[in-house]
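Let's take a friendly walk through a protein model together. Have a look at the structure below, and then we will go from a surface feature to the chain as a whole.

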Amino acid sequence: MDCWKGTEGRSWIYPTLIICANGFFSTMRPSEAFLTPYLTGPDKNLTLEEVTSKIFPVWTYSYLALLVPVFLMTDYVRYKPVLLLQGVSFIVTWLLLLFAQGVVAMQLVEFFYGLVTASEVAYYAYIYSVISTDHYQKATSYCRSVTLAAATIAATLGQLLVSLAHVSYFHLNAITLASVSLAFVCSFFLPMPQKSMFFHRKDSPETLPGPHKAGTTLDSHRPSNCQEDKSSTVSAERPAPEKPAEKAKPQNHMLRVLVQLGQDLRDCYSSSKLLCWSLWWALATAGFNQVVNYIQVLWDTRAPSHSSAVYNGAVEAIATFLGSATSMAVGYVKLNWDLSGELALGVFSAMDAGALFLMHFTENIWACYAGYLVFKACYMLLITIATFQIAVILSMERYALVFGFNNFIALVIQTILTVVVVDPKGLALAVNTQFLIYSSYFTVIAGIFLIRSAYTVISSKRRSVSMDGEIT
């Protein structure tokens with residue numbers, strides 16, 4: 001046991017291995033691609049209308065309500081307790097899904113799943129609190145690769161079990177329960193971090209800049225000031241002799257952290273480049289979540305699961321593989337993203353809109369599957385570019401904050417879409433009509449960034465002509 005403790009303290013390998021195991025088992029959910037057929041089948045005997053308008057919207061509402069409290073709690077309790085909470089929520093979700101009946105019970109399933117997704121920030125932030133910055137890139141790569149691999153394996157396994165072994169959806173959910181339970185067990189073996197990004201920064205000497213950094217940061221007004229000005233401000237406002245006094249006043253410390261978070265957001269979004277990428281992130285992620293949340297309902301209307309072969313797992317597996325392949329390909333593309341980024345956002349968002357229009361107008365399930373593959377691949381490509389561009393501007397602390405805030409804005413937009421388009425208190429449109437709305441939504445996104453791209457190109461040419469005139 002002492003040997004393990006020594007390994008935990010000295011090496012980045014042990015925590016990375018455990019968090020990757022946690023990520024693998026929590027993502028290895030072969031039943032997820034068959035959720036709608038399961039709910040509308042003999043096991044739960046719900047109607048498509050109940051699933052669409054009464055059950056699935058609860059996830060959106062609970063996710064939005066829980067995201068900010070869970071984000072703050074994650075940093076305050078230092079990640080591991082929230083990962084344990086996520087594990088408990090996973091288990092409760094699938095126990096209810098297996099053994100509970102009725103609309104209210106399934107709404108409770110969606111609530112606990114909202115808690116699961118709100119807790120994902122702990123998974124992505126944990127590793128940065130227990131390893132040195134030298135290993136950030138490798139650890140991040142491993143964590144994200146493991147989840148993509150698990151999602152692909154889960155969807156493939158689910159399809160094979162359903163199509164070849166004729167395993168019931170109930171038993172698929174039982175396999176998922178076993179997998180998420182293993183993820184919960186893995187969480188117990190994670191080392192407890194001694195620092196966090198915001199509330200416990202003072203426990204981490206390496207995050208505090210030296211005097212020379214403080215001077216240069218305070219004088220800087222470029223976008224890159226998002227990397228160091230927070231640490232500099234904290235260092236200036238909280239000299240070492242005053243730390244014991246702060247511990248005696250936790251409520252003041254909490255208020256100071258919240259004020260600092262607000263200042264951080266203001267400073268980061270003062271960068272027009274970051275604001276542009278974040279705007280696309282929020283708008284597109286809201287639409288993407290809506291499509292993913294209701295795509296199985298659309299498939300079930302095109303090819304009813306009670307009378308047709310279901311290939312949801314195969315489609316999700318291929319879509320995940322294409323998404324990871326396009327994401328990897330971004331690393332080998334050499335472009336000036338300052339000039340071409342907005343054009344890429346506009347063009348690929350237009351492709352997303354086209355894919356959604358295809359899904360709306362076609363009655364062929366295979367064409368609908370193809371449209372979904374194009375849609376998900378384009379989104380994964382763009383979100384990878386956006387993530388990279390934002391990460392270039394920000395430090396790790398600021399990246400986590402902007403990541404969380406962008407997702408919060410996306411959830412607000414998604415909630416508005418859900419209330420207006422899906423909820424019985426709104427328009428309560430049929431799922432086919434919903435996808436017409438979503439395709440129009442992505443058309444608007446494409447138009448915004450294509451117009452913005454044209455404006456950027458024209459402005460760049462004018463500046464070039466002006467400079468040439470001054471030189472001559």
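Which residues form a nonpolar patch on the surface? The patch is made of Leu343, Val347, Met351, Val374 and Leu450, and together they offer about 360 Å² of accessible area. Keep in mind as you look that this is a predicted model.

Where does the patch draw its residues from? Its largest share, three residues, comes from helix 16, which covers residues 337-361. Leu343 is found in this helix. Leu343 counts as partly exposed because its relative accessible area is 41%, a value that lies between the 20% limit for buried and the 50% limit for exposed. As a reminder about helix geometry, an α-helix has 3.6 residues a turn, so residues three or four places apart point the same way.

Now turn to helix 15, residues 312-330. At 1.5 Å a residue, its 19 residues should span 27 Å, and the end C-alpha atoms are indeed 27 Å apart, so expectation and model agree. Helix 15 also has a number of buried residues, among them Asn312, Gly313, Val315, Glu316 and Ala317. Further along helix 15, the buried residues include Gly323, Ser324, Ser327 and Val330.

Finally, step back to the protein chain. Its secondary structure comes to 19 helices and zero strands. Of its 472 residues, 51% count as buried. Among contacts with a separation of 6 or more, 83% join residues 24 or more positions apart. The accessible surface of the chain comes to about 21500 Å², and carbon and sulfur atoms account for 68% of that area.

Key: Residues are numbered from 1 along each chain as its sequence is written. This is a predicted model: local features need pLDDT of at least 70, side-chain atom pairs count only at pLDDT 80 or more; totals for chains, interfaces and linings use all residues. Side-chain values use heavy atoms; hydrogens and water are left out. Patches are made of residues with over 30% relative accessible area and no salt bridge: like charges are joined within 9 Å, nonpolar side chains (Val, Leu, Ile, Met, Phe, Trp, Tyr) within 5 Å. Accessible areas come from the Shrake-Rupley method with a 1.4 Å probe; for residues, only the protein chains shown count as cover. A salt bridge is a side-chain nitrogen of Lys or Arg within 4 Å of a carboxyl oxygen of Asp or Glu. Helices (H or I, at least four residues) and strands (E, at least two) are DSSP runs, numbered from the N terminus. Buried means under 20% relative accessible area, exposed over 50%, partly exposed in between (1.4 Å probe, protein chains only). The expected span of a helix is 1.5 Å times one less than its number of residues. Contact means heavy atoms within 4.5 Å.
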